[in-house]
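Visitor: I am new to this structure and should be grateful for a close look at a single helix and its surroundings. Please take me through it step by step.

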Amino acid sequence: MRRPFKATAPTKEGPRSNRDIRVPRVQLIDAEGHNHGDVSINDALLLAEEAGLDLVEISPNAVPPVVKILDLGKLKYANQKKAAEARKNQKVIEIKEIKMRPNIDSHDYETKMKAVRRFFEEGDKVKLTLRFRGREMAHMELGMQLLNKVREEVAPIAKVEAEPKLEGRQMMMVLAPR
């Protein structure tokens, strides 16, 4: 016989309010910001009902807990707006990858460096990947010279986050903007 699925009780996010506050005595601050001191929870709830507002737990870890009479809907709305503003202002740093070969031509190199500079201006990190094929594996020093040349060229605007290292047939280096 199959047992019925028992869903977990929904958890409330945000501060406790009104009848959810289960302590006998609280420190009450009214809607104007006046401190009423240590009062019973029933008196605090009556004052909140008279004002037509909610009793919201501000500092639950204090002894006794601090509660304030205010509009819970307005508080939640203000918190949502603040969180949305914080999300809007954050910058996600991406890692852009530039692939090269050890025997890259000078014009191709300049084009790649222009892209690297543009990525740094946008605030992104750059991962330089050097791929070796066939006989190029015998001349790893050419790849190292190329990566050192890139490092010196972007030194004023970027710093090396990961030193050049060889993984199989690829050599990689990560640069971050200053």
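Guide: The covering of the buried residues of helix H4 includes strand E5, helix H3, strand E6, strand E7 (158-167) and strand E8. It should be said at once that this is a predicted model.

The helix itself comes next. H4 has 14 residues and spans 20 Å from its first C-alpha to its last, close to the 20 Å expected at 1.5 Å a residue. Its buried residues are Met140, Gly143, Leu146, Leu147 and Val150. These residues lie on the same side of H4, because they cover an arc of only 125° around the axis. On the face turned away from this buried side, H4 carries the exposed residues Gln145 and Glu152.

The helix may now be placed in its wider setting. The chain is divided into domain 1 (16-76) and domain 2 (93-175), and the C-alpha centres of these two domains are 60 Å apart. The largest nonpolar core of the model has 21 residues, and Ile98, Met100 and Leu128 have the most contacts inside it. H4 (140-153) is among the elements that give two or more residues to this core, together with strand E5 (95-100), H3, E6 and strand E8 (170-177). The largest share, 6 residues, comes from H3. As a general matter, nonpolar side chains in soluble globular proteins tend to be buried together.

Ile98 offers a detailed view of this core. Leaving out residues up to four places away in sequence, Ile98 touches Lys112, Ala115, Val116 and Phe119, and likewise Val126, Lys127, Leu128 and Thr129. Apart from the largest core there is another, of 11 residues, which includes Ile21, Val39, Ala44 and Leu45.

One loop beside these elements also deserves attention. Asp124 is found between helix H3 (106-121) and strand E6 (125-131). Asp124 counts as buried because its relative accessibility is 3%, under the 20% that sets the limit for a buried residue. A polar atom of the Asp124 side chain lies 3.4 Å from the backbone nitrogen of Glu94. Neighbours within four places in sequence aside, Asp124 is in contact with Lys91, Val92, Ile93, Glu94 and Lys96, as well as with Phe119 and Pro177. Phe119 thus appears in two lists, since it is in contact with Asp124 and is also touched by Ile98.

Conventions. Residues numbered from 1 in each chain as written. Predicted model: local features only at pLDDT ≥ 70, side-chain atom pairs only at ≥ 80, totals over all residues. Heavy atoms only, no water. Helix = DSSP H or I, 4+ residues; strand = E, 2+ residues; numbered from the N terminus. Buried < 20%, exposed > 50% of the residue type's maximum accessible area, 1.4 Å probe, protein only. Polar contact = N/O pair within 3.5 Å; in protein donor to acceptor, adjacent residues only side chain to side chain. Contact = heavy atoms within 4.5 Å. Domains from an automatic or database assignment. Core = buried A, V, L, I, M, F, W, Y, C linked by side-chain atoms within 4.5 Å. Expected span 1.5 Å × (residues − 1). Arc of directions from axis to C-beta.
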